[in-house]
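Colleague: Could you take a close look at one part of this model, chain B, and describe what is found there? A connected account would be preferred to a list.

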Amino acid sequence: MSEFDAIEILLVEDSDTDAEMTLRALQKHGLAQHLRRVKDGAEALDFMFRQGAHAARADVQPKLVLLDVKLPKVDGIEVLRRLKEDQRSWFVPVVMLTSSSEQRDLLRSYECGVNSYLVKPIEFDLFVEQIAKAARYWAMLNRLPLR
Amino acid sequence: VHERWRESITIKLGVSAALTLLVGIAVTSVVRMNRFADAAQWVSHTYEVIGGLDAVLSGITDAETTQRGFLLSGDERDYQRYQRNKAALAARIQAVKKLSGDNPVQLQRIAQVEQLIARRILLLEEGVQAKRMSPDRLQLTRVHFAEGREAMDGVRRGIAEMDNEERRLLAARTAALEHDRFTAKLILVLGNAVALMLLLASMAVMVREIRQRKQAEMQTRRYVAQVEDLYNAAPCGYHSLDSEGVIVQINDTELAWLGYAREEIVNRTRFVDLLTPASSESFAANFVTFKRQGTAHDLEYDLVRKDGTILPVSLSATLVRDAAGEYVMSRSTLFDITERRRTSQELHRANVFLDSVVEHIPSMIFVKDASTLQYVRFNRAGEALLGLPRSALLGKGDRELFPAAQAQSFIEQDRTALSSGAMLDVAPEVLQLPSGERIVHTRKLPILDEQQRPQYLLGISEDVTERHRAERQIHELHQALEMRAQQLEATNSELESFSYSVSHDLRSPLRAIDGFSRILEEDHADALDDEGLRLLSVIRGNARRMAQLIDDLLTLSRLGRQALTRLVVNMDALVRETWESLREGESLVRAHLILDRLPDAIGDPVLLRQVWANLLSNAIKYSGTREQPLVTVSARTNAEQVIYCVSDNGVGFDMRYADKLFGVFQRLHSMDEFPGTGVGLAIVKRVVARHGGRVWAESALAEGARFFFSLPQRPADERV
């Protein structure tokens with residue numbers, strides 16, 4: 001699993017419960033070593049643009065952003081829009097995570113340039129599998145292929 | 001004409017002058033001739049006198065000679081000769097005297113000569129006496145002889161004088177005669193020449209005049225031909241009738257109209273015989289009047305052509321009378337008025353049509369005279385609205401028909417419309433009429449004449465009482481509806497945010513329940529006994545069921561809000577595809593599908609797919625217990641709709657509960673027998689209903705079930 005050492009994933013999730021489950025899913029596939037979690041949209045933007053509380057962080061963008069749709073302060077789709085518009089962040093893959101299967105969220109997300117859109121399944125095993133698939137796919141796409 | 005007159009005068013003058021001249025010449029010639037004759041007589045007379053004078057001189061000389069002879073001879077014979085000569089001399093002197101009777105000077109001279117001759121004769125006689133007395137010796141003195149010589153010389157002188165005079169006269173007379181002859185010649189030549197010239201000039205003028213006369217005649221002939229052509233080829237008919245009404249003249253145009261030859265008509269046919277019975281009657285009456293009055297103007301008759309067709313004409317005529325005022329003939333002009341009559345008939349028809357339209361229009365229509373504002377026209381609807389017959393309305397003004405204030409208002413409206421020249425739209429007004437209080441909406445429009453001056457005022461009044469009432473009701477209903485729509489909209493948006501929240505927020509805890517149960521199972525399996533693990537699995541099963549319920553409910557709720565698309569949907573392909581995806585989803589599907597050919601539908605492909613998915617999965621589910629589960633999809637078409645059917649050979653249902661099948665959360669089987677949320681058929685019902693169709697089902701327990709849904713052939717209005 002050494003090839004994933006350098007992976008840094010930013011998880012934007014307000015619910016501790018959901019965050020724990022996501023973390024667990026990523027851990028199960030060895031993708032959680034460099035996971036960073038923020039709790040709302042505003043903090044996510046601060047982190048990405050190295051401002052506010054995150055002004056001092058290293059100038060390296062995460063390999064992947066897992067972004068909940070429903071977030072306090074700035075909602076997920078707005079965060080997505082700003083990331084995809086900005087020179088400093090547009091290249092970072094963003095996977096939207098949502099509980100609902102509302103079509104309008106899906107459409108708005110794709111309009112804003114989302115890379116993947118994931119409706120979190122109720123069944124945990126399925127959830128683990130899908131999170132892992134998406135995370136690995138986008139994280140690896142940011143690296144040279146191994147084989 | 002003046003020119004011609006002048007020329008004719010010129011010719012007359014010229015010819016008369018020439019003739020006068022010739023006559024003058026003739027008269028002059030005769031006069032001249034007489035004068036010549038006279039002059040010639042005078043010349044010969046002069047010659048006679050000269051001859052007479054010679055004879056006198058020779059007579060006296062002869063008398064001397066013979067006397068001398070006697071004196072010498074004494075012979076008696078000589079004496080006799082002397083005597084004879086002496087007598088002859090006296091006769092000669094008498095002749096000269098006689099010839100000179102016209103000339104007193106010559107007469108005087110001849111008298112002196114006679115005296116001298118008498119002296120000489122006396123002397124001669126003395127000689128004779130002397131001889132006789134002394135025959136031998138002649139006793140005569142010298143004086144005697146001297147006297148004799150002297151007398152003789154005087155005679156000779158006197159004769160010479162006379163002779164000179166006569167010769168002078170002769171010369172003068174001859175010269176005068178010559179002059180006269182010359183003058184006469186001159187007059188003759190010149191006079192004839194002038195007369196000739198005059199005659200030639202007159203002739204030239206005459207020739208010219210003859211030529212001009214000929215030209216004028218030709219011109220006249222041409223003019224006559226033109227007039228005749230004008231008469232015959234005129235674009236109107238001309239004819240003349242004698243006092244009996246027989247056609248005596250007719251032009252080619254009218255003949256062509258009638259289709260007769262001239263010989264068939266002229267002097268043979270009475271005009272009245274060319275008319276239809278109705279026209280001939282009126283002609284008979286008109287002709288009598290015409291003969292009395294002398295003119296007829298624009299009388300309309302119907303002519304019958306030779307081929308029997310009718311030609312309507314307009315006839316005007318004047319009467320030609322002779323000097324005594326007696327009827328000679330008529331001069332009639334006819335115009336073909338086929339077009340005019342057709343136009344007027346069309347106009348009449350149009351008027352009748354318009355009248356009928358006006359009469360039957362359900363609005364009150366009235367027309368007022370623009371100057372008096374009195375009613376001149378009313379239609380049936382107007383009589384009905386005002387409750388008065390038109391006889392009570394026409395010729396009246398508003399003041400006679402309505403209360404003063406109302407009439408005043410009407411009149412002011414009229415004046416506004418008339419002065420503006422445009423349509424006046426009067427706001428609906430409430431009128432108190434015999435039929436009760438009515439709301440009337442009136443429009444007033446001036447009707448202009450050719451000079452753009454208002455001639456009439458057209459009014460159209462609509463009884464809008466009912467409409468007003470209806471409009472008020474509609475308005476109220478509309479307001480109520482709008483309120484409800486707003487409420488509905490609020491409810492809808494509430495519902496939407498509700499379902500959004502539901503989809504989002506209700507699922508998270510369920511996922512957490514499942515997730516943490518699973519984590520508990522994985523991480524703390526050792527701490528749990530079998531019962532604990534079973535309980536965990538019950539928890540997870542319920543969580544999943546709850547999630548399914550939520551999903552189905554959300555689907556159902558979304559169906560009510562989502563807009564329908566309408567496309568032609570290939571139902572065969574849709575069923576096959578749905579069937580395949582169901583089989584993919586559930587590996588245990590054993591059922592066999594029998595698919596008939598299905599007609600295309602018009603509808604929302606996504607929603608119709610949902611319908612098929614639900615019906616097919618139901619069929620699979622309920623036939624799953626059979627040895628050979630069989631699902632059949634078929635369709636039939638009638639005029640308005642296509643009816644699709646999904647049947648299975650499964651457990652079926654009790655028809656007593658058929659009405660519960662399509663309700664939300666209604667289930668006819670226990671969860672243990674056949675799992676499900678009880679929402680699927682409710683979704684089917686809603687989708688089909690929104691397409692304007694219907695769902696129903698038939699079954700008998702344990703004998704399979706048949707589910708039907710119908711879709712209209714043409715999309716009906718969307719129904720919720």
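**Surface and contacts in chain B**

Modeller: In this predicted model, a nonpolar patch on the surface is formed by Leu196(B), Leu200(B), Met203(B), Met206(B), Val207(B) and Ile210(B), which together have about 570 Å² of accessible area. One of these residues, Ile210(B), belongs to helix H4 of chain B, which covers residues 142-233. The relative accessible area of Ile210(B) is 48%, so this residue is classed as partly exposed, the class that lies between the limits of 20% and 50%.

A further site in chain B is centred here on Asn286(B), a residue of helix H7 (residues 277-293). Asn286(B) has a relative accessible area of 26% and is therefore partly exposed. When neighbours within four places in sequence are left aside, Asn286(B) is in contact with Leu299(B) and Tyr301(B). With regard to Leu299(B), the separation from Asn286(B) is 13 residues in sequence and 8.6 Å in space, taken from C-alpha to C-alpha. With regard to Tyr301(B), its side chain is joined to that of Asn286(B) by a polar contact of 2.9 Å.

The cysteines may be treated last. Cys236(B) has a relative accessible area of 5% and is therefore buried. In chain A, Cys112(A) also counts as buried, because its relative accessibility is 19% and the limit for this class is under 20%. Over all chains, the count of disulfides comes to zero, where a disulfide would require a pair of cysteine sulfur atoms within 2.5 Å.

Note on methods:
Residues numbered from 1 in each chain as written. Chains lettered and ligands numbered in written order. Predicted model: local features only at pLDDT ≥ 70, side-chain atom pairs only at ≥ 80, totals over all residues. Heavy atoms only, no water. Patch = residues over 30% accessible without salt bridge, like charges linked within 9 Å, V, L, I, M, F, W, Y side chains within 5 Å. Areas by Shrake-Rupley, 256 points an atom, 1.4 Å probe, with all protein chains shown as cover. Salt bridge = Lys/Arg side-chain N within 4 Å of Asp/Glu carboxyl O. Helix = DSSP H or I, 4+ residues; strand = E, 2+ residues; numbered from the N terminus. Buried < 20%, exposed > 50% of the residue type's maximum accessible area, 1.4 Å probe, protein only. Contact = heavy atoms within 4.5 Å. Polar contact = N/O pair within 3.5 Å; in protein donor to acceptor, adjacent residues only side chain to side chain.
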